[in-house]
Amino acid sequence: MEEQAAKDYGKFNMADDTFKRYCQSGQDSYLFDLAGDNVKWKTISLTHVEYPEGDIVGKVLAWCSLLPIFIVVGFITLIIFRREIHTMTFFGGIIINELVNMMVKHTLAHPRLCGGHLFANSSHGMPSDHSQFMAFFAIYSVLFIYVRLLHFSQSTTVWDDLIDNLWRHVVAIGVVLVAIVVGFSRIYLRYHTPHQVYYGFLLGCGLGAAWFMFTQTVLTPLFPTITTWPLCEYLMIRDSTLIPSVMWFEYTQSRTEMKKRQRRGSHNNYFKSHTS
């Protein structure tokens, strides 16, 4: 048994030595060896969110803190497949909001909370980027619901008005609560102090309201002209500002077009069957 163990140990050592020699020999094969020797590697912390092991609340909040990434992916998907100009301006405001956050963080250089995480975050802490992102998204969404969409309400009675606007209240309250949960998660998971989250909310709310007013008063009147540009026509960028319900409009248009094509198809089949 001891002899067999010694042989196995020797095999493992040979495997380790072979692996080490392979890694060392690969040093001459680096395509861009700009880092030099004694490189200290680090992970990208975009989605690396830590939570206390065994803490169900912390795990849920850790997933909630990833909502900004999911929202960005959703915006990119909508822009690619819908090509709605207002969605593009909304996303453009989010990008500007993030750039402002980076500049303010770099200017203030406020340290992060020492949370004892395995992977330390290299960015500064003031203001919280998650809180600012969600505050911008929530305020813009609420203003869009109560200022822009409410303009197209076609209800005639109080009860119809309540039913028609019920979903607006639910969505508005939902996005605000989600933003609060994301901000709370940054405090609970020890990534930011309450002050950093608070000022992130404050800055995000201000930028969200300002960008909505700029879009509503300056950009929206230009949308019909912008969508007629040759590049926009080539990319099939559209403006649905004056359409009360885009989903209902597209649904009715698709049904009308489908019925037209069905009639044409049945007419062609009838013509072929009587002329053959």
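This report walks through the cores, the surface and a few individual residues of the structure above. The model is a predicted one, so please read every value here as computed from that prediction.

**The nonpolar cores**

A good place to start is the inside. The largest nonpolar core holds 26 residues, and those touching the most other members are I71, F75, F90, I94, M134 and F137. Two or more residues come from each of α3 (67-81), α4, α5 (129-149), α6 (158-188), α7 (194-219) and α8 (223-226). Helix α5 gives the largest share, with eight residues. For a close-up, select I94: beyond its neighbours within four places in sequence, I94 is in contact with F75, F133, F136 and F137. There is also a second, separate core of five residues, and V49, L66, L189 and Y191 are among them.

**Along helix α4**

Helix α4 covers residues 85-108, and several residues of interest can be followed along it. T89 sits in this helix. T89 is buried because its relative accessible area is 13%, under the 20% cut-off. Leaving out residues up to four places away in sequence, T89 touches W211, T215, L219 and F223.

M103 is also part of helix α4, but M103 counts as exposed because its relative accessibility of 52% is over the 50% cut-off. M103 belongs to a nonpolar patch on the surface together with I95, L99 and M102, and the four have about 410 Å² of accessible area together.

What does K105 form a salt bridge with? The partner is D129, and the closest N and O atoms are 3.7 Å apart. This pair links distant parts of the chain, as K105 is in helix α4 and D129 in helix α5, 24 residues apart. The count for the model comes to one salt bridge. K105 has a relative accessibility of 6%, which means that K105 counts as buried.

**Loops and a helix residue**

Two residues that are not glycine deserve a look at their backbone angles. R83 has a positive phi of about 60° and is found in the loop between α3 and α4. M236 likewise has a positive phi of about 60°, and M236 lies in the loop between α9 (230-234) and α10 (246-275).

N165, by contrast, lies in helix α6. The C-alpha atoms of N165 and L149 are separated by 9.8 Å, with their positions 16 residues apart along the chain.

The table gives the accessibility of these three residues.

| Residue | Relative accessibility | Class |
|---|---|---|
| R83 | 30% | partly exposed |
| M236 | 56% | exposed |
| N165 | 6% | buried |

**What the record adds**

An unreviewed UniProt entry places the feature "transmembrane region" at residues 60-81, 133-154, 166-185 and 197-214. How much of the chain is helix over residues 60-81? In the model this stretch is 91% helix and 0% strand, with its end C-alpha atoms 31 Å apart. Residues 166-185 are 100% helix and 0% strand, and there the end C-alpha atoms are 28 Å apart.

Methods
Residues numbered from 1 in each chain as written. Predicted model: local features only at pLDDT ≥ 70, side-chain atom pairs only at ≥ 80, totals over all residues. Heavy atoms only, no water. Patch = residues over 30% accessible without salt bridge, like charges linked within 9 Å, V, L, I, M, F, W, Y side chains within 5 Å. Areas by Shrake-Rupley, 256 points an atom, 1.4 Å probe, with all protein chains shown as cover. Salt bridge = Lys/Arg side-chain N within 4 Å of Asp/Glu carboxyl O. Helix = DSSP H or I, 4+ residues; strand = E, 2+ residues; numbered from the N terminus. Buried < 20%, exposed > 50% of the residue type's maximum accessible area, 1.4 Å probe, protein only. Contact = heavy atoms within 4.5 Å. Core = buried A, V, L, I, M, F, W, Y, C linked by side-chain atoms within 4.5 Å. UniProt positions renumbered as here; feature names shortened; annotations may be inferred.
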